[in-house]
Amino acid sequence: MSDATERPADADAWADACAEDLASEKARRRAEYGPPPGSAGDELRKLFGAVADKVNEFQSSLPGVAAQSAVQQLVNQAKSAVEPVLQRNPQVFDHLAAAGGELLAAYRSAVEGQERRWTQGPEKPSDSAKDSGPAKKSGDPRDDEPGDGEHIDLD
């Protein structure tokens with residue numbers, strides 16, 4: 001028999017050791033960084049709860065009973081619209097959060113590229129590009145290379 005069939009307990013021991021290491025690493029991270037955030041749906045529920053609490057605090061400073069009831073009604077409508085979606089499809093908000101992260105990364109990449117072009121100025125073609133033929137014109141006068149300057153004597 002091979003070693004793998006003679007000692008099946010080794011595979012179990014390896015799996016147990018990996019599980020223990022993973023559990024200890026999770027405990028260390030939880031101690032260092034706090035509990036991990038919940039799903040996007042749970043975080044949205046917490047957000048609505050926090051907003052509702054703040055609205056209740058500020059209601060006393062709002063002038064008039066009508067304004068207070070309008071704000072409370074708005075918060076209740078928002079909660080009642082989102083809660084059924086969270087209950088039926090909690091993964092929807094996880095996907096929306098992931099899509100938002102991807103959009104933010106794409107926007108950041110585009111902005112960083114544009115900022116890099118602004119700060120570096122126009123690129124000057126290399127000597128080999130000058131020899132290969134005429135450069136493409138973009139129509140932007142800033143892209144034109146400055147010509148050989150003529151010395152002007154001011155004295």
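What share of the 155 residues of the chain counts as buried? The answer is 7%. Keep that figure in mind as we walk through this predicted model, from its overall make-up down to single pairs of side chains.

**The chain as a whole**

The secondary structure amounts to 6 helices and 0 strands, so written as a pattern along the sequence it reads α-α-α-α-α-α. Confidence comes next: the chain averages a pLDDT of 75, and 66% of the residues score at least 70. Among the elements of the chain, helix α5 (residues 91–120) has the highest mean pLDDT, 87, while helix α6 (residues 127–131) has the lowest, 49.

**Salt bridges**

A search of the whole structure turns up 6 salt bridges. Side chains of opposite charge can pair when their charged atoms come close. Three of the pairs are set out here, each with the separation of its N and O atoms.

| Pair | N to O distance | Helix | Spacing along the chain |
|---|---|---|---|
| Arg28 and Glu25 | 2.6 Å | α2 | 3 residues |
| Arg28 and Glu32 | 2.8 Å | α2 | 4 residues |
| Arg45 and Asp42 | 3.2 Å | α3 | 3 residues |

Let us begin with Arg28, which has Glu25 as one partner and Glu32 as another. Arg28 and Glu25 are separated by about one helical turn, because they lie 3 residues apart in helix α2. Glu32 likewise belongs to helix α2, and its 4-residue spacing from Arg28 is also about one turn of the helix.

How accessible are these side chains? Arg28 is partly exposed, with a relative accessibility of 40%. Glu25 counts as partly exposed at 29%, and Glu32 is partly exposed too, at 47% relative accessible area.

Now for helix α3, where Arg45 and Asp42 form their salt bridge. Their spacing of 3 residues in this helix puts about one helical turn between them. Arg45 has a relative accessible area of 33%, which means that it is partly exposed. Asp42, at 35%, is partly exposed as well. Back in the neighbourhood of Arg28, salt bridges with shared partners link Glu25, Arg28, Arg29 and Glu32 into one network.

**A patch of negative charge**

Which residues gather in a patch of negative charge on the surface? They are Asp12, Asp16, Glu20 and Asp21. Asp12 can be placed in helix α2, which covers residues 8–33.

**Val51 and Val75**

Helix α3 (residues 40–58) also holds Val51. Is this valine buried, partly exposed or exposed? Val51 is partly exposed, its relative accessible area being 38%. Along the chain, Val51 and Val75 are 24 residues apart, and 8.0 Å separates their C-alpha atoms.

**Drawing it together**

The picture is of a chain with 6 helices and 0 strands, in which 7% of the residues count as buried. In helix α2, Arg28 pairs with Glu25 about one helical turn away and with Glu32, again about one turn away. Asp12, one member of the negative patch, is found in helix α2 too. Helix α3 contains the pair Arg45 and Asp42 along with Val51.

Methods
Residues are numbered from 1 along each chain as its sequence is written. This is a predicted model: local features need pLDDT of at least 70, side-chain atom pairs count only at pLDDT 80 or more; totals for chains, interfaces and linings use all residues. Side-chain values use heavy atoms; hydrogens and water are left out. Patches are made of residues with over 30% relative accessible area and no salt bridge: like charges are joined within 9 Å, nonpolar side chains (Val, Leu, Ile, Met, Phe, Trp, Tyr) within 5 Å. Accessible areas come from the Shrake-Rupley method with a 1.4 Å probe; for residues, only the protein chains shown count as cover. A salt bridge is a side-chain nitrogen of Lys or Arg within 4 Å of a carboxyl oxygen of Asp or Glu. Lys and Arg count as positive and Asp and Glu as negative; His and the chain ends are not counted. The place of a charge is taken as NZ of Lys, CZ of Arg, CG of Asp or CD of Glu. Helices (H or I, at least four residues) and strands (E, at least two) are DSSP runs, numbered from the N terminus. pLDDT is the predictor's confidence in each residue, from 0 to 100. Buried means under 20% relative accessible area, exposed over 50%, partly exposed in between (1.4 Å probe, protein chains only).
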